[in-house]
Amino acid sequence: MSSPLLTLPSELINMLQQAIPAATYHSLLTQCTAVTLLNTGLSNQNYLLSCPSGDKVLRVNQRHSHWCNRALEVECWRSAIAANIAPKLEWVSDDKQFYLSDFVAQPQGDWSQFSSMFGHSSTRPLSAIAHPNVDAVALLAQLFASLSQLPVPSKCISVSGQWQQYALQLDAMSQQQTDAQWHHAWQTLQGMNMRIRHWLSQLESCVLLPIFCHRDLTPHNLLLSPAPINSALPQSKLFCIDYEYAIASHPLFDLASTVATHNLTEDQVAQLTHKVIVQYCQMSSLTDVAAAKAAMPAAINCFWLFSAMWSLLMAANESQQDTLAMAKYIKFYNQYLALIH
């Protein structure tokens with residue numbers, strides 16, 4: 001009887017056999033009882049490998065995902081593993097195309113149920129989403145405490161540097177781009193330059209030191225890990241996944257991405273913002289509590305700005321090959337732009 005592992009695409013099996021140690025491949029071949037496609041993203045695919053000794057996740061990175069520094073991604077992931085806020089990474093291929101990690105079950109519910117998009121002045125829900133035995137603010141605050149203690153990654157980029165990098169790429173792409181929708185979108189962003197410079201200035205003026213920054217702390221990249229059996233811990237904890245964009249950057253950026261993408265009430269946002277900013281000020285990453293709180297609207301605007309610019313970059317990359325994919329990214333661009341105030 002053939003192994004369920006062999007139900008993976010034949011081309012993928014061939015590449016995996018060449019990359020993985022023989023003993024590890026044999027173990028997966030004999031132990032795997034089922035293969036399930038978890039998700040397909042722009043830059044990777046993830047497969048759940050069910051095994052009696054513990055389920056695994058096989059991640060297959062696309063070779064064309066040039067915007068991802070895979071060596072830095074693995075560096076940041078391993079730092080998070082050491083702090084017990086990321087799934088264990090069991091094996092990485094030499095070319096960084098394959099990752100094998102532990103699967104984190106979520107018996108209390110999928111954290112992605114908190115997902116929603118908000119600008120800094122958007123109306124928030126009056127009551128919190130029901131999630132059994134979970135204090136979302138406490139869990140998120142603890143996650144930020146753990147992330148802030150991680151070693152600062154070897155690569156650093158400021159919010160101003162990120163904006164300049166995206167702007168230069170988009171300007172270069174505009175020379176070859178012929179789509180009218182795309183050009184209109186780029187012109188709209190260029191018309192926001194004065195406002196953008198004000199946001200960046202406000203953010204840069206309240207930062208002292210860059211810290212570990214995941215840069216994509218949406219609910220879809222967080223897992224609610226159950227407390228260990230016989231643990232003295234009162235509740236579960238949050239794990240982070242997907243470190244493709246992790247880098248050393250502005251302390252408020254992760255907080256902004258969390259506030260902007262989590263369906264939290266106004267009171268919850270205020271509690272979380274206060275706890276995290278006070279902590280950052282105490283560790284000398286931010287100048288003072290009041291200045292940092294005042295800069296949060298600018299940080300949220302920058303999060304959606306970078307999301308819109310990234311979507312426009314992706315649209316330009318797709319324009320010649322796939323018009324439907326380009327239209328999808330233009331739609332994302334418009335959604336993100338609408339959240340900027």
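A crossing of two helices is called left-handed if the near helix is turned anticlockwise from the far one by less than a right angle, and right-handed if it is turned clockwise. Keep that in mind for the helix stops on this tour. You are looking at a predicted model, in which local features need pLDDT of at least 70, side-chain atom pairs count only at pLDDT 80 or more, and totals for chains, interfaces and linings use all residues. Residues are numbered from 1 along each chain as its sequence is written, and side-chain values use heavy atoms, with hydrogens and water left out.

**Stop 1: the sheet**

Helices (H or I, at least four residues) and strands (E, at least two) are DSSP runs numbered from the N terminus. Two strands pair if DSSP finds at least two bridges between them. Start with the open sheet, whose five strands come in the order β1-β2-β3-β5-β4 with antiparallel pairing. Select 34-40 and 89-92 to see the edge strands, β1 and β4, each of which pairs on one side only. From one strand to the next, the twist averages 20°.

Now select residues 56-61 and 98-102: these are β3 and β5, antiparallel strands joined by five bridges. K56 has D102 in β5 as its bridge partner.

Next, add helix α1 (residues 10-19), which packs on the sheet and touches β2 (44-50), β3, β4 and β5. Contact here means heavy atoms within 4.5 Å. The direction of α1 makes about 80° with that of β5; such angles run from 0 to 180 degrees between N-to-C directions, and axes are lines fitted to C-alpha atoms, for helices over the stretch in contact.

Move to the edge at β4, which pairs with β5 in the antiparallel sense over three bridges. Here V92 stands opposite Y99 in β5. Five residues lie between the strands of this hairpin, and K96 takes a positive phi near 65°.

**Stop 2: α6 and α11**

Select helix α6 (residues 180-190) together with α11; their axes come within 11 Å and cross at roughly 25°. The two helices are therefore roughly parallel to each other (angles under 35 degrees count as roughly parallel, over 145 as roughly antiparallel, 65 to 115 as roughly perpendicular and the rest as oblique). Their crossing is left-handed. Show the side chains of Q181, W182, A185, T188 and L189 in α6, which meet M326, I330, Y333 and L337 in α11. This contact divides into seven nonpolar, two polar and no charged residues. In this scheme Ala, Val, Leu, Ile, Met, Phe, Trp, Tyr, Cys and Pro count as nonpolar, Asp, Glu, Lys and Arg as charged, and the others, Gly among them, as polar.

**Stop 3: an aromatic pair**

Which two rings should you select next, with centres 6.1 Å apart? Pick W310 and Y329: their planes stand at 85°, so the pair is edge-to-face. Rings of Phe, Tyr and Trp (its six-membered ring) pair if their centres lie within 6.5 Å, with planes under 30 degrees apart counted as stacked, over 60 as edge-to-face and the rest as tilted. W310 belongs to helix α10 (residues 289-318) and Y329 to helix α11 (residues 323-338), so the pair ties together parts 19 residues apart in sequence. The whole structure has 13 aromatic pairs.

**Stop 4: α9 and its neighbours**

Finally, select helix α8 (residues 251-261) and helix α9 (residues 266-282), whose axes come within 11 Å and cross at roughly 165°. That crossing angle makes α8 roughly antiparallel to α9, and the crossing is right-handed. Among the residues that meet are L252 and L255 in α8 and L272 and V276 in α9. By class, this contact has nine nonpolar, two polar and no charged residues.

Keep α9 on screen and add helix α4 (residues 136-148): the axes of α4 and α9 come within 10 Å and cross at roughly 20°. That makes α4 roughly parallel to α9, in a right-handed crossing. Residues to show include L140 and F144 of α4 and L272 and Y280 of α9. Here the contact divides into nine nonpolar, four polar and one charged.
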